[in-house]
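Work through the exercises below with the sequence and the structure open. Each task is followed by a solution in steps.

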Amino acid sequence: MNEERRRGSQDASISDIEEENETEDTEHIPMNDCELGLPPPIIVTDNGGVCSKLDDAVPNNNHPVARRRPRPNHLHINITNCTSSDLSSHESLPSHKVAAMTPISLSPSWAKPHRLIRARKASLCSTPGYVTFRNPTNRISSSTYAEELIHAIENDESLMADSPASEQMRLQTVRGMAEAMELRRNVKEKICYNIGIRNQNSPSDPTKWFKYRLKKSFRKVNCGTRELLGHFELWGSTIKSIEGRFGTGVATYFRFLRSLFLINLCVFIMSFSFLVFPQLLDRFYHWNNTTISANSSVLVLEPKTYPYEEINSTFYIVDLVTGGGWLADTELFYGKYNSHSVHINEGEYYSIPDAYFFTTAACYLFTVIVLSIKVAKSYRKNFIEMQGGFTNVYAQRIFCGWDFGITNSEAAELRKQTLYNELRELLDEENNAERSGAKTLIQRLTLMACRVGVTILVGSLLIGSGVLVWFLLARQKMLVNQDVGTLEGRQQASMVMSLVVTGVMLILPMIFSRLCAIEQYSNPRNSVFITLLRTFGLEVAIVGVLLAYWQKSSKEVQCWETSLGQETYRLILVDFFIALIGTSFAEFIRSIVYQYVWKGIGAPEFDIARNTLNLIYNQTLFWVGFYYSPLLSAVIVVKLFITFYVKQACVLHNCKPPSRSWRAAQIQTVFLALTFLAIIGVLFTLGYTMTRVPASKGCGPFREIEHAYLIIKHKLNSIDKNSNWYTIGEWIFKPGVVAGYIIALCVGVYYMRAVAHARGAMVELLRNMLVLEAEDKIFLQKNIREAKSGRWEPSPLSRGRIKPLPISSTASKQQSAL
Amino acid sequence: MGNKVVTFSEEQIDDYQDCTYFTRKEILRVHKRFRELSPSTVPKCMTGDEAHTIKVPLNLMETLPEFRENPFRKRIFSVFSSDGTGNMTFEDFLELLSVLSEQAPRDIKVFYAFKIYDFDGDEHIGPADLQQALTLLTSNELNAEETSQACTKVVEESDIDGDGKLSFIEFEHVILRAPDFLTTFHIRI
C-alpha cells in the first residue's frame with residue numbers, strides 16, 4: 001500500500017528513505033526532504049560516478065522504492081569530470097565517512113536528481129519555458145560546473161532549436177539561473193557558439209532564417225521603444241520618493257492617478273483633434289467666394305469678423321464656475337455643435353454629427369479596453385496566482401512584512417513599529433481567544449442585529465441623499481427656467497445643488513467609516529472593504545439620480561443635454577475647490593496645529609481609500625458628462641494634473657506615514673474593478689439615452705435626428721448596396737453568424753472554466769499527497785530508528801515488501817564503518 | 001561623439017542585457033550608482049576585468065539609500081556577493097538589483113528570498129533563522145517569549161512535513177499565498 005502510493009508520488013520519498021539511514025549519525029547532515037529544495041552537496045567517487053552521499057547510503061538494487069518510474073520532464077545530469085580532491089574540501093562530511101560510501105552509477109532515468117533542472121515547456125498562453133538551476137554553494141570548480149550546465153542545456157532539444165521561441169527560452173534560462181554573473185556569461189557564450197556551429201552545419205531554410213531575423217529585429221525595436229518610453233515616464237522619480245517615505249500603499253494611489261491622467265489625456269487629444277477643432281474652425285473661419293478676375297471665382301478661407309455673434313449673453317466670470325450663460329453656448333457643451341457638415345475644402349465636407357458620434361464612441365471604447373486590460377492583469381497577478389487565503393498570517397508578516405522600497409529612516413522606524421504592533425495584536429488575539437473562548441450566542445446575536453441595523457441606516461442614508469438630489473434638481477430647474485428673479489439669483493440657484501452634493505460626498509463617507517467601527521468586524525480589511533462599497537454605492541446613487549432626472553425631463557427643457565453637461569461641469573469644478581483644495585488646506589492647518597500648538601490632535605494621515613474613491617468619483621462624473629460636453633476632457637486633464645501636485649505637496653509636508661500596513665495589492669484590484677464597473681454602468685446608461693431618449697430639437701448635432709443611434713443607421717443605409725464591403729458586412733452580421741460567435745464564446749468560456757477547475761482539483765490532490773508524504777516520512781523514520789536499535793518488528797502490512805535484514809545489515813555495516 | 005568614455009564594451013552590455021532583467025539604460029544607471037559609492041576604486045571604464053574583480057566593501061554598500069534602512073541588508077549583500085563576505089563587485093550588484101527589480105519573475109525572487117532568510121545557510125529556515133529575522137524586523141522590541149511564540153506559530157502554520165523547519169518548497173508555498181510579496185520584495189534604482 002505504501003509502495004503504490006509512493007510510486008505515484010514525487011521523488012521525494014527516495015531521498016527520504018535514503019536519508020533515514022543517516023538519522024542516527026552523530027554528525028548533522030541536512031535532510032533534504034524534497035528534490036525541489038536546495039539539494040545536498042555532491043560527492044564524487046574515483047570511478048567517475050557521481051552521486052550524493054545520501055544515495056550512497058543505500059544499495060539501491062534491492063530497495064523496493066528504488067525501482068521507480070521515471071518522472072517526465074526531468075533531466076538528470078551525469079557529471080563525470082569532478083576530481084576527488086573536492087571530496088576532502090567538503091566540510092560537512094569527514095573523510096572517513098566519504099570513503100565508506102559505495103559508489104552508485106546513476107542511470108539518467110530514475111535516479112534522484114542532484115541539481116534539478118526543471119524544464120517547463122511553453123504553455124498554451126506562450127509564457128516561455130525556462131530552466132532553473134539551483135546550485136550548491138561552490139563545491140566544485142566553476143569551469144566544471146559550467147560544463148555541466150552547458151551539457152544539460154544542450155541535452156534539451158527544445159532549448160537548442162533554431163527558432164525565436166527557443167531563443168526566448170534560452171534567454172529565460174540564462175536569466176533564471178541563480179548563479180554568479182561570470183558563470184552565466186560563460187554559459188551563454190558557449191551555448192551561442194555551439195548553436196552557431198549547429199546552424200552552420202544544418203541546412204537552414206532561407207524563409208525560416210528570414211522570419212527569425214525579422215522577429216529578432218522586431219524584438220530589438222520593441223526593447224528600444226520600451227526604453228524610450230521609460231525615459232519619458234511621467235513623475236517617476238516623484239512617485240519613487242513618495243514610496244520610499246510612505247510605503248507602497250500611498251504610492252499606488254499616485255500611480256492610479258497617473259494612469260487615469262494618461263488615459264484622459266489620450267481621450268482629450270482624440271476628441272480635440274477630431275471634434276472640437278473642426279467646430280472651432282467653422283466658428284472662426286468661413287469660405288468666401290472671392291472673384292479674382294472676371295470669369296473665375298475661388299473659394300478662400302477668411303476669418304469671420306464676429307465669431308461670437310451668435311452668443312446672446314454677456315460674459316461674466318461667474319459663468320466659468322456655473323457653466324451657464326456665456327459658456328453654455330460655446331464648444332464646451334453639446335448644444336453648440338452643428339448638425340450640418342462643415343465645409344473643409346472644395347466639395348469636401350466634414351460631417352459634424354457623424355464626427356461627434358463616432359469620436360465619442362471611440363473615446364469610450366478606448367477607455368474601456370485600457371481599463372479592462374488593467375483590471376484583468378491586476379486580478380491575475382493578485383488573486384489568481386496568489387490563490388487567496390489568509391492562513392499564513394505570521395509567516396507572511398515576517399517574510400513579506402518589510403517593504404524593501406523604504407528609504408527614509410522615519411518611515412523605517414514606523415514600519416518596524418507597525419510590524420511590532422501587528423505581531424503583538426496577533427499574539428494577544430491568540431492568547432485571548434484561548435482564554436475567553438468563542439462568543440456566546442447572545443453576543444453573536446447582538447452583533448448581527450447591530451450590523452443589520454447599521455446596514456439599514458446606511459441604506460436609508462443613500463436613499464435619502466438620492467431624494468435630496470432629486471429635489472434640488474427639480475427646484476433648480478424651476479428657478480432657472482422661469483426667468484424668475486435676478487441673474488445672480490439664478491446663478492446661485494444653479495450652484496446650490498453642486499455644493500450640496502459635494503458636501504454630501506465629503507461627509508457621508510466619514511460617517512460610514514465611523515459606523516463601520518461600531519460593527520466591530522474582526523478583520524480590519526473587511527471594514528475597509530465594506531466602507532469602500534458603501535461609499536461607492538453613494539456615488540452610484542448620486543450620479544444615477546442625476547442621469548435619471550435629466551433623462552426624464554428631457555422633454556421639458558429646451559436643451560437638456562447642455563444642462564446635463566453643465567451639471568457635471570459644475571460638480572467637477574466644485575469638487576475641485578472643496579474636496580481638493582479644501583481638504584488639503586484643512587490637513588495643512590491640522591499639521592501646523594500638531595507641530596506647534598497641540599500634539600494631541602494627531603498628525604494627519606493620508607487616507608488612501610477616501611482619496612482613491614474621490615478619484616473614481618471624478619472619473620465617473622467625467623464619463624457621464626463627456627458625451628454631453630466634449631471639452632470636459634480638457635477640464636479633467638488640467639484638474640488631475642493639479643491634483644497630483646497638490647496631493648504630493650500635501651503628503652510630503654503634512655502627513656505622517658500610515659500606521660497600519662496597507663495590503664496594497666488586493667485592494668488595488670478592487671479599485672480598478674470599481675472603476676471598470678463605473679464605466680460599464682455609464683456606457684449602459686448612455687446606450688439607453690442614445691436609443692430611447694429623443695435628442696433636443698433646438699440644439700446640438702443630432703437635432704435633425706430623432707435618436708442619436710440613428711446616425712449609424714443612416715451611415716449604413718448610405719453604403720452602396722452593391723459594393724463588396726456591404727456584402728461582407730451583411731454576411732458578418734447575419735443572425736445565424738452572430739449566434740455562432742456567441743456559441744463559440746460560450747464554449748470557450750466553458751472550456752477555460754473546466755480546465756481551471758481541473759487544475760484546482762489537481763493542486764488540492766497534490767497538496768494532500770504532500771501531507772501524506774510527510775506522514776510517510778515520520779512513519780519510516782520511526783521504523784528505521786527501531787530497526788537500528790534492534791526493536792523493529794515487521795508489521796503485517798509490510799511483510800514481504802520490506803525485508804528487514806538488508807536494511808539493518810547495511811545500517812550496522814555503516815555503523816561499524818563509521 | 002567627442003571624448004566620451006565608454007563604460008562597457010558592446011559585448012559586455014549585450015551580455016548583461018541577456019543575463020539580467022535590465023535594459024541598457026538601467027545597466028548604465030546601476031554603474032553610475034555603484035561608482036558613486038567609491039569613486040576612487042571603481043573606474044569609469046569597466047571594459048576589462050574590473051566588473052568582477054573590483055570590490056566595494058560592505059560598509060560602503062550599506063550607505064546606499066535604498067539599503068540603509070533595510071534590516072536585512074547585511075544578509076542581502078552577503079548572499080549576493082561572490083565570496084560571501086558582503087563585499088560586492090559590480091556584477092554582484094547588478095545581479096542583486098536585477099533580481100530585486102520589477103521584471104524579475106517570482107520564482108527567482110522566491111529563491112533568493114529563501115537564501116536571504118536562511119541565516120545559517122543550512123538550506124532550511126529553522127526557528128533560529130526565524131528568531132533572527134524577527135529581531136531584525138522589530139529591532140528587539142519583542143521580548144524573548146513573544147519571539148519564540150511567534151516562531152512556533154510560523155512553523156506551525158507553514159511546516160507541512162513536520163520536521164520543525166521550513167524547506168524551500170514550504171517557503172515557496174507560503175510566499176505563493178502572499179499577495180504582497182512582489183510589491184514588497186522590490187527595489188527600484
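The accessible surface of chain A amounts to about 42300 Å², and 63% of that area belongs to carbon and sulfur atoms. The model is predicted.

**Exercise 1.** Describe the overall make-up of chain A: its secondary structure, its buried share and its contacts.

Solution.
- Step 1. The secondary structure of chain A consists of 27 helices and 9 strands.
- Step 2. Of the 818 residues in chain A, 44% are buried.
- Step 3. Take the contacts in chain A between residues at least 6 apart in sequence: 74% of them join residues at least 24 apart.

**Exercise 2.** Locate Phe585(A), and decide whether Phe585(A) is buried or exposed.

Solution.
- Step 1. Phe585(A) is part of helix 20, which covers residues 560–597 of chain A.
- Step 2. The relative accessible area of Phe585(A) is 54%. The cut-off for exposed is over 50%, so Phe585(A) counts as exposed.
- Step 3. Phe585(A) contributes to a nonpolar surface patch of about 800 Å², together with Phe588(A), Ile589(A), Ile592(A), Tyr596(A), Val597(A) and Trp598(A).

**Exercise 3.** Do the same for Leu613(A): is Leu613(A) buried or exposed, and which residues does Leu613(A) touch?

Solution.
- Step 1. Leu613(A) sits in helix 21 (residues 608–626) of chain A.
- Step 2. Its relative accessible area is 5%. Buried means under 20%, so Leu613(A) is buried.
- Step 3. Leaving out residues up to four places away in sequence, Leu613(A) touches Leu532(A), Thr535(A), Glu539(A) and Leu674(A).
- Step 4. From C-alpha to C-alpha, Leu613(A) and Thr675(A) are 9.2 Å apart in space, while 62 residues apart in sequence.

Methods:
Residues numbered from 1 in each chain as written. Chains lettered and ligands numbered in written order. Predicted model: local features only at pLDDT ≥ 70, side-chain atom pairs only at ≥ 80, totals over all residues. Heavy atoms only, no water. Patch = residues over 30% accessible without salt bridge, like charges linked within 9 Å, V, L, I, M, F, W, Y side chains within 5 Å. Areas by Shrake-Rupley, 256 points an atom, 1.4 Å probe, with all protein chains shown as cover. Salt bridge = Lys/Arg side-chain N within 4 Å of Asp/Glu carboxyl O. Helix = DSSP H or I, 4+ residues; strand = E, 2+ residues; numbered from the N terminus. Buried < 20%, exposed > 50% of the residue type's maximum accessible area, 1.4 Å probe, protein only. Contact = heavy atoms within 4.5 Å.
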